[in-house]
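Trainee: Hi, have you got a few minutes to go through a structure with me? I'd like to talk about the empty spaces and the ligand.

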Amino acid sequence: NKPVPMLEIKDLSVSYGAVRALDKVSFAVEEASVCAVIGANGAGKSTLMKAISGLVPVAEGEIRLEGQPIQDLSAERRVTLGIALSPEGRRLFPELTVRENLLMGAYLRKDQADITVDLERIYAYFPRLLEREQSQGRHLSGGEQQMCAIGRALMSRPRLLLLDEPSLGLAPAVTLEVARAIRQISQDGTTIVLVEQNARLALKLSQHAVVLETGRLSLSGHSRDIMNNPQIAAAYLGHA
Ligand code: ATP
């Protein structure tokens, strides 16, 4: 008996008017694993993350969280069920401090007493955020913004964390810092879907991966196998 996956996507299609951004995409993500989503610009990766979090409507198909269909629920309801998105572009509140931005991620929670514990957990993943606790969002570096966006998503205590392009625009050393935290978050039991342009990084951090090509799933499997697939290497991994 296979356990019920944390996330199951079945024949999922999403359209923007006449543009079909996702076309009958199906895959599953096991609990406590990391699933990488790779693909070129415009392949539909962000659309997939938005569809899972309820920010774009589903045209067809099903999204299940631990077996429960969620595709008709509001984005807020999905947060309370345990889904959190760290969006592409980070989208912090520029006038709010790091601490205030993090607290925004907890606004739907009832157990406000535990919030300090969670803040401490996030500062343990990202010690830089503690140093910058009282700085406004607009004064943060790109890497600090990314850490803050991931931390804010964690403040809702998600069981499923969606990370959209966490390494985008970051210097290599900062990318490593973020990657280390993602690995730690996963080891602590949070299931993660990781969208990345940096396919090499995504495949290193994940156990499973799916490849999107113009809205369709072209390949899925173990990250190690996908990394060793010559076509994938040529298309997404460059040389090195
Ligand atoms: P990127 O890495 O550039 O963000 P992506 O793989 O995340 O790419 P999406 O942003 O999901 O791709 O876009 C998938 C397709 O849907 C593209 O053809 C894009 O032009 C189109 N699209 C995305 N958002 C909208 C929108 N709000 N209105 C119309 N078309 C859209």
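Mentor: Happy to. Let's begin with a term: a cavity is a set of grid points where a 1.4 Å probe fits but cannot get out, and its lining residues have an atom within 4 Å of a point. Keep in mind that this is a predicted model.

Trainee: Okay, how many cavities of 30 Å³ or more does a search of the whole structure find?

Mentor: The search finds one. The volume of the largest cavity is about 40 Å³.

Trainee: Which residues line the largest cavity?

Mentor: The lining is made up of P166, S167, T175, V178, A179, I182, L194, E196, L201 and L205. By class, that gives seven nonpolar, two polar and one charged residues.

Trainee: And which elements each supply at least two residues of that lining?

Mentor: Those are α7 (172-187), β8 (191-196) and α8 (199-205). Of the lining, the largest share is from α7, with four residues.

Trainee: Is there a general point about helices I should remember here?

Mentor: Yes, an α-helix has 3.6 residues a turn, so residues three or four places apart point the same way.

Trainee: Nice. Now the open spaces: how much space lies in the largest pocket?

Mentor: The largest pocket holds about 500 Å³ of space. Its lining has 22 residues, and V79, L85, G105, Y107 and R152 are the ones that lie nearest the centre. Two or more lining residues come from each of α2 (75-81), β6 (83-86) and α6 (142-154).

Trainee: Which of the elements gives the most to that lining?

Mentor: That is α2, with four residues. Sorted by class, the lining of the largest pocket has 14 nonpolar, three polar and five charged residues.

Trainee: Let's switch to the ligand. Which pocket is the space it takes?

Mentor: The ligand takes the space of the second largest pocket. About 190 Å³ of space lies in that pocket. There are 15 residues in the lining of the second largest pocket, with N41, G42, A43, G44 and K45 nearest its centre. Strand β2 (19-29) and helix α1 are the elements that give two or more residues to this lining.

Trainee: What classes of residue line the second largest pocket?

Mentor: Three are nonpolar, eight polar and four charged.

Trainee: How many residues surround the ligand itself?

Mentor: There are 13, and the closest are G42, G44, K45, S46 and T47. Helix α1 (residues 45-53) provides the largest share of this shell, three residues. Four residues of the shell are nonpolar, six polar and three charged.

Trainee: Which polar atoms of G42 and G44 does the ligand meet, backbone or side-chain?

Mentor: Backbone atoms in both cases. A polar backbone atom of G42 is 2.8 Å from an oxygen atom of the ligand, and one of G44 is 2.9 Å from a ligand oxygen. Q197 uses a polar side-chain atom, which lies 3.1 Å from an oxygen atom of the ligand.

Trainee: How much of the ligand's area does the protein bury?

Mentor: The ligand exposes 620 Å² when taken alone, and the protein buries 60% of that.

Trainee: Changing topic, what about backbone angles? Which residues other than glycine have a positive phi here?

Mentor: Two to look at are K24, with a phi near 50°, and T214, with a phi near 35°. K24 is placed in strand β2, while T214 lies in the loop between β9 (208-213) and β10 (216-222).

Trainee: Why do those catch the eye?

Mentor: Most residues other than glycine have a negative phi.

Trainee: And where does G238 sit, with its positive phi?

Mentor: G238 comes just after α10, and its phi is about 60°. At the start of that helix, α10 (residues 230-237), a side-chain oxygen of N229 reaches to within 2.8 Å of the backbone nitrogen of Q231.

Trainee: Thanks, I'll go and look at those in the viewer.

How values were computed: Residues are numbered from 1 along each chain as its sequence is written. This is a predicted model: local features need pLDDT of at least 70, side-chain atom pairs count only at pLDDT 80 or more; totals for chains, interfaces and linings use all residues. Side-chain values use heavy atoms; hydrogens and water are left out. On a 1 Å grid over the protein atoms alone, a cavity is a set of points where a 1.4 Å probe fits but cannot get out, and a pocket is an open set with protein on both sides within 12 Å along at least five of seven lines; lining residues have an atom within 4 Å of a point. Grid points are joined across faces, edges and corners, and a volume is the space filled by probe spheres set on the points. Ala, Val, Leu, Ile, Met, Phe, Trp, Tyr, Cys and Pro count as nonpolar, Asp, Glu, Lys and Arg as charged, and the others, Gly among them, as polar. A residue is near a molecule or strand if one of its heavy atoms lies within 4 Å of it. A polar contact is a pair of N or O atoms within 3.5 Å; within protein, one must be able to donate a hydrogen and the other to accept it, and residues adjacent in sequence count only if both atoms are side-chain atoms. Accessible areas come from the Shrake-Rupley method with a 1.4 Å probe; for residues, only the protein chains shown count as cover. A molecule sits in a cavity or pocket if more than half of its atoms lie within 2 Å of its grid points.
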